[in-house]
Amino acid sequence: MGMKNYHRFYLLLEELAGSTDDEAKAAVIGSYTEGRKWHLRDLTDEEYEGLIRQLDERVGYRTRKARSGTLKLVQQLGIDTTDWARVNAFTEDPRIAGKPFARITREEHGALQRKLRAIMRHGGLKAAAETDKKQTTTNEQ
């Protein structure tokens, strides 16, 4: 068995565990191999590829969950989430996310969800728009 590049493993491990320390690494490998192996170098090529597929699925699930949570909040704010042009127009606003919905990372979804909940607590988008108008009018005087 030749040298493997473990870069993908460490990226996925950081995403899932928030750490790439030996303890987190051993826990993931041990869980995947049902306690038979604890080190990457001990995995066969097939085991390594299977582990990567499993970790990819878990990371993908977390990303889908984050996207779904954001869409639910966007919908609660009155944006038609069946119309991607409207969703993108909303998220591209610099005060919201400054980018199209599809380009928002999982970490950014967390921050965006906090921002959207704050908007909801303060009366929703109409209240936020009226506050912006008042500030603009005050600044112009």
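This briefing covers the helices of one protein and a few of its residues. The model is predicted. The protein has 6 helices and 0 strands. Along the sequence, its elements run α-α-α-α-α-α. Of the 141 residues in the protein, 29% are buried. Among contacts with a separation of 6 or more, 47% join residues 24 or more positions apart.

**Helix α3**

- Helix α3 covers residues 45-76, which is 32 residues.
- Its length can be checked against the rise of 1.5 Å a residue. The expected span is 46 Å, and the end C-alpha atoms are 47 Å apart, so the two values agree.
- Gly-78 sits just after α3. Its phi is positive, at about 95°.

**Helix α1 against helix α3**

- Helix α1 spans residues 7-17. Its axis and that of α3 come within 10 Å of each other. They cross at roughly 35°.
- The crossing of α1 past α3 is left-handed.
- On the α1 side, the contact is made by Arg-8, Phe-9, Leu-12, Glu-15 and Leu-16.
- On the α3 side, the contributors are Tyr-48, Leu-51, Ile-52, Leu-55, Asp-56, Arg-58, Val-59 and Arg-62.
- By class, this contact of α1 with α3 holds 8 nonpolar and 5 charged residues, with no polar ones.

**Arg-8 in α1**

- Arg-8 belongs to helix α1.
- Its relative accessibility is 39%, so Arg-8 counts as partly exposed. That value falls between the 20% limit for buried and the 50% limit for exposed.
- Arg-8 touches Tyr-48, Ile-52 and Asp-56, leaving aside residues up to four places away in sequence.
- Arg-8 and Leu-55 are 47 residues apart along the chain. Their C-alpha atoms are separated by 9.8 Å.

**Val-28 in α2**

- Val-28 is placed in helix α2, which covers residues 22-32.
- Val-28 counts as buried because its relative accessibility is 15%, and the cut-off for buried is under 20%.
- Beyond residues up to four places away in sequence, Val-28 touches Phe-9, Leu-13, Leu-51 and Leu-55.
- Val-28 and Leu-55 are 27 residues apart along the chain, and 9.1 Å separates their C-alpha atoms.
- Phe-9 and Leu-51, both touched by Val-28, are also among the residues that form the contact between α1 and α3.

**Glu-34 in the loop after α2**

- Glu-34 lies in the loop between α2 and α3.
- Phi of Glu-34 is near 55°. This is a positive value in a residue other than glycine.
- Most residues other than glycine have a negative phi.
- Glu-34 counts as exposed because its relative accessibility is 68%, and the cut-off for exposed is over 50%.

**Gln-113 in α5**

- Gln-113 lies in helix α5, residues 106-121.
- With 13% relative accessibility, Gln-113 counts as buried.
- Which side chain makes a polar contact with the side chain of Gln-113? The partner is Thr-70, at 3.0 Å.
- Apart from residues up to four places away in sequence, Gln-113 touches Ala-66, Gly-69, Thr-70 and Leu-73.

Methods. Residues are numbered from 1 along each chain as its sequence is written. This is a predicted model: local features need pLDDT of at least 70, side-chain atom pairs count only at pLDDT 80 or more; totals for chains, interfaces and linings use all residues. Side-chain values use heavy atoms; hydrogens and water are left out. Helices (H or I, at least four residues) and strands (E, at least two) are DSSP runs, numbered from the N terminus. The expected span of a helix is 1.5 Å times one less than its number of residues. Axes are lines fitted to C-alpha atoms, for helices over the stretch in contact, and angles run from 0 to 180 degrees between N-to-C directions. A crossing is left-handed if the near helix is turned anticlockwise from the far one by less than a right angle, and right-handed if clockwise. Contact means heavy atoms within 4.5 Å. Ala, Val, Leu, Ile, Met, Phe, Trp, Tyr, Cys and Pro count as nonpolar, Asp, Glu, Lys and Arg as charged, and the others, Gly among them, as polar. Buried means under 20% relative accessible area, exposed over 50%, partly exposed in between (1.4 Å probe, protein chains only). A polar contact is a pair of N or O atoms within 3.5 Å; within protein, one must be able to donate a hydrogen and the other to accept it, and residues adjacent in sequence count only if both atoms are side-chain atoms.
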